[in-house]
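Here are my notes on this model, as numbered points. Please read them with the structure open.

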Amino acid sequence: MANILVVDDDEDICDLIRLKLTSMGHDVHVVHDGAAAVTALHDQGVPTDLVLLDGMMPVMDGETTCRTLRADPRTAGLPVLMLSARGTPQDALRGRDAGADGYIMKPFSPRDIAAQVVLALERGRTPGGTASAVPAEATGPRAGDRR
Amino acid sequence: MSPDDLRVVVVEDRPADVELIGAALRRDGLETATVPVDSYEQLAAALSAAPDVVLADHNVPGMSISQVLRTVRTSAPGVPVIVVTGALDDDTAAALFEQGVSDVLLKDRLARLGQAVRTAVGTRHLEQAVVVSHAEQARIEGLLASLVQHSPSAIGLLHPGGEEIFSNTRFRALAKDGHGRSRLAAMPSGSEHADGDEVFLVTRFAVSDDTDPTAAFGVILTDITQQKAVQAQLRATQAELQQQSRELRRHNDELQELDRLKSDLVNTVSHELRTPLTSILGYGELIEDHLHDLGDETGLQLLSTLQRNSARLLGLVENLLQLATAEHSPTATSSGRPAEAGQRPDVDVNQLLLEACCVLLPAAQRRGVTMERHVAADLPPVAADAGQLERVLLNLGSNAVKFAAANGRVVWRTRLAGPDLVELEVEDDGVGIASDDLERLGHRFFRTESARTNHVPGTGLGLAVVRAAVAGHGGELAFASQPGCGTRVTVRLPVRGALPQPPP
């Protein structure tokens with residue numbers, strides 16, 4: 001099973017995702033803003049195979065967080081799914097521009113999340129995406145676990 | 001005799017000489033009507049017919065040339081007299097000219113007669129013309145004086161020093177005295193002179209004579225009292241209009257700002273509502289899984305009511321959000337940002353319909369309503385905002401399910417209505433809509449009489465969202481209904497999406 005980092009400022013949403021994903025056997029780590037997510041990934045080395053990232057958060061929003069992760073070789077290839085309450089095609093496009101691998105609109109059902117997480121973990125990051133500019137030896141932490 | 005013939009009176013007693021004169025004139029190309037006379041009575045009669053010229057023999061028995069000349073002067077003044085004579089000396093000739101004779105000719109030198117007659121008649125015509133022109137000039141001068149005198153404007157002609165040469169009564173009335181005249185004379189062109197309630201516009205200009213271009217100057221004061229009054233009224237009206245225009249613009253700005261705030265508010269509220277709704281629906285799902293595992297049927301039934309109402313609340317939020325964005329800009333996507341048709345992704349309407357029917361199915365089952373889909377397999381994809389189009393299908397479908405007869409049916413159809421036109425139709429077999437209500441369908445918060453009396457749940461937002469979304473895609477929306485027989489709603493969407501609309 002995989003290590004999943006959930007980043008959302010709404011604690012109930014975090015719990016909801018954690019309950020669903022832990023019931024599936026995943027390990028879930030929760031932080032409440034983008035800056036904390038960057039710290040967890042870059043400084044604390046929290047083992048992570050997939051990030052679920054909310055769009056609108058205090059301190060550092062989802063898009064900025066995603067760009068920050070993509071700009072660092074350690075997390076450039078890490079799969080990121082964005083969550084947003086704004087839920088429009090344009091928001092999805094903006095999320096993709098920021099380097100996200102997928103986009104889940106709120107309100108989502110826990111079953112949706114489960115399905116999307118399975119798909120994202122199976123797919124991994126395909127070569128030729130944003131990660132292609134990153135040297136193979138510089139992929140994210142525990143990148144090897146994700147296959 | 002033609003009217004152009006010269007009328008010639010010949011004072012001559014000898015017919016041969018009359019003939020001679022006539023021949024000489026004809027030889028010279030003059031057509032004449034000759035009247036021979038040899039007495040004063042005959043002469044007087046001939047003169048009364050206004051002849052052009054009199055040719056008089058110097059020596060007619062019983063007549064003296066002097067008397068002939070006097071008779072002509074008194075009876076036909078101005079008619080030239082040419083004396084024709086057998087012999088002549090210088091003194092006689094001089095005396096004749098002195099008495100006003102036009103010319104003197106010798107009978108044996110009549111070759112010059114034609115020329116002499118022409119000259120005499122021509123001279124007379126000139127003299128007559130001069131007399132006429134003098135009279136006309138005098139008349140015109142009189143008219144000019146009258147024109148100036150009776151002009152409604154005050155007119156003054158003054159020496160460069162300001163002394164008056166001429167003025168009309170109006171001018172004198174305005175000047176009042178010498179001091180006033182000097183004041184008027186000194187006023188520049190374009191200035192205004194007030195006299196009691198009256199206002200005059202001053203025009204001042206140089207007047208030239210033969211040698212001096214500034215020999216004098218004219219001053220004309222035109223009464224502009226009425227124009228000034230009209231002008232003042234116009235200015236007042238204009239100021240009033242400007243004021244109204246400013247107020248309208250301000251009102252408009254305020255309304256636009258209010259509308260923007262309203263849309264922003266609806267946007268924000270809708271977004272903020274989505275997060276707790278995610279938790280409500282999400283935890284509901286976890287509880288559902290949990291109750292399933294426990295086999296708690298009562299709990300599941302209670303939960304389903306909670307979930308159904310949460311879904312309804314979510315639908316309301318989605319409608320509000322759609323309406324806020326769609327109304328703000330007809331070409332906006334559900335993100336609120338304008339998008340060109342070309343940027344819209346291709347949407348498979350049949351696929352979208354299938355998904356919408358899945359969402360609508362639980363509500364339909366609760367009312368025992370069956371849903372049928374008859375879709376055209378060759379339907380091309382439509383350039384559209386999938387989110388908006390999904391709302392269109394959900395809202396129309398939700399209405400059809402709500403208003404269909406209990407245990408009735410709802411029929412969906414899709415078809416290609418033209419080379420670039422996709423048609424979507426939904427029909428129910430329910431209460432129908434009164435024709436009065438048909439016109440008002442799609443107005444925000446409007447609900448039909450039957451919906452209200454039958455307590456069918458709803459907000460009056462669904463069709464407003466449909467209308468705005470269909471319009472935003474350059475499509476058409478049509479309703480057909482008869483009370484008691486059900487309702488059919490038709491949506492036509494251009495395949496290539498809305499044409500880019502000019503900015504408002």
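1. **A buried acid without a partner.** This is a predicted model. Start with B:D5, in the segment that comes before β1 (6-11) of chain B. B:D5 is buried, yet has no salt bridge. The nearest side chain of opposite charge belongs to B:R7, and that is 9.2 Å away. A salt bridge needs a nitrogen-oxygen pair within 4 Å. What does B:D5 touch, leaving aside its neighbours within four places in sequence? The contacts are B:E31, B:T32, B:A33 and B:D52. Two of these, B:E31 and B:D52, are contacts of a residue type that counts as negative.

2. **One cavity.** How many cavities of 30 Å³ or more does the structure hold? There is one. The largest cavity encloses about 70 Å³ of space. Its lining draws two or more residues from each of α10 (349-366), α11 (386-403), β15 (421-428) and β17 (486-494) of chain B. The lining residues include B:V349, B:L352, B:L389, B:V392 and B:L393. B:V422, B:E423, B:L424, B:V491 and B:L493 also line the largest cavity. By class, the lining has nine nonpolar residues, no polar ones and one charged one.

3. **The salt-bridge network of chain B.** B:E423 is among the residues that line the cavity, and B:E423 also belongs to a network of salt bridges. The other members are B:R413, B:R415, B:E425, B:E427, B:E476, B:R488 and B:R492. One pair is worth a look: the side chains of B:E425 and B:R415 meet in a salt bridge at 3.3 Å, N to O. This pair links distant parts of the chain. B:E425 sits in strand β15 of chain B and B:R415 in strand β14 (residues 409-418) of chain B, 10 residues apart. Are the two ends buried or partly exposed? B:E425 counts as buried, because its relative accessibility is 7%. B:R415 counts as partly exposed, at 30%.

4. **A bridge within a helix.** Over all chains, the count comes to 34 salt bridges. One of them joins the side chains of B:E136 and B:R139, at 3.4 Å from N to O. Both residues lie in helix α5 (residues 113-150) of chain B. They are three residues apart, about one turn of the helix. B:E136 has a relative accessible area of 34%, so this residue is partly exposed.

5. **A bridge from strand to loop.** Next, check B:D195 and B:K176, whose side chains meet in a salt bridge at 2.6 Å, N to O. B:D195 lies in strand β8 (residues 192-195) of chain B. B:K176 lies in the loop between α6 (169-175) and α7 (178-186) of chain B, so the pair ties together parts that are 19 residues apart in sequence. B:K176 is exposed, with a relative accessible area of 58%.

6. **Positive phi values.** B:K176 deserves a second look for its backbone. Its phi is near 65 degrees, a positive value in a residue other than glycine. B:A50 is another case: phi is about 55 degrees, positive although the residue is not a glycine. B:A50 is placed in the loop between α2 (40-48) and β3 (53-57) of chain B. B:A50 counts as partly exposed, because its relative accessibility is 43%.

7. **Layout of chain A.** Turn to chain A, which has five helices and five strands. In what order do the elements run from the N terminus on? They run β-α-β-α-β-α-β-α-β-α. Chain A has 147 residues, and buried residues make up 54% of them. Take the contacts in chain A with a separation of 6 or more: residues 24 or more positions apart account for 68% of these.

8. **Two local checks in chain A.** Where is the cis peptide bond? A cis bond joins A:K106 and A:P107, with omega about 0 degrees. A:P107 lies in the loop between β5 (102-105) and α5 (110-123) of chain A. The second check is A:T64, in helix α3 (residues 62-71) of chain A. A:T64 counts as partly exposed, at 37% relative accessibility. A:T64 and A:G95 are 31 residues apart in sequence, and their C-alpha atoms are 9.8 Å apart in space.

Note on methods. Residues numbered from 1 in each chain as written. Chains lettered and ligands numbered in written order. Predicted model: local features only at pLDDT ≥ 70, side-chain atom pairs only at ≥ 80, totals over all residues. Heavy atoms only, no water. Helix = DSSP H or I, 4+ residues; strand = E, 2+ residues; numbered from the N terminus. Buried < 20%, exposed > 50% of the residue type's maximum accessible area, 1.4 Å probe, protein only. Contact = heavy atoms within 4.5 Å. 1 Å grid on protein atoms, 1.4 Å probe; cavity = no way out; pocket = protein on both sides within 12 Å on 5 of 7 lines; lining within 4 Å. Points joined across faces, edges and corners; volume = space filled by probe spheres on them. Nonpolar A, V, L, I, M, F, W, Y, C, P; charged D, E, K, R; others polar.
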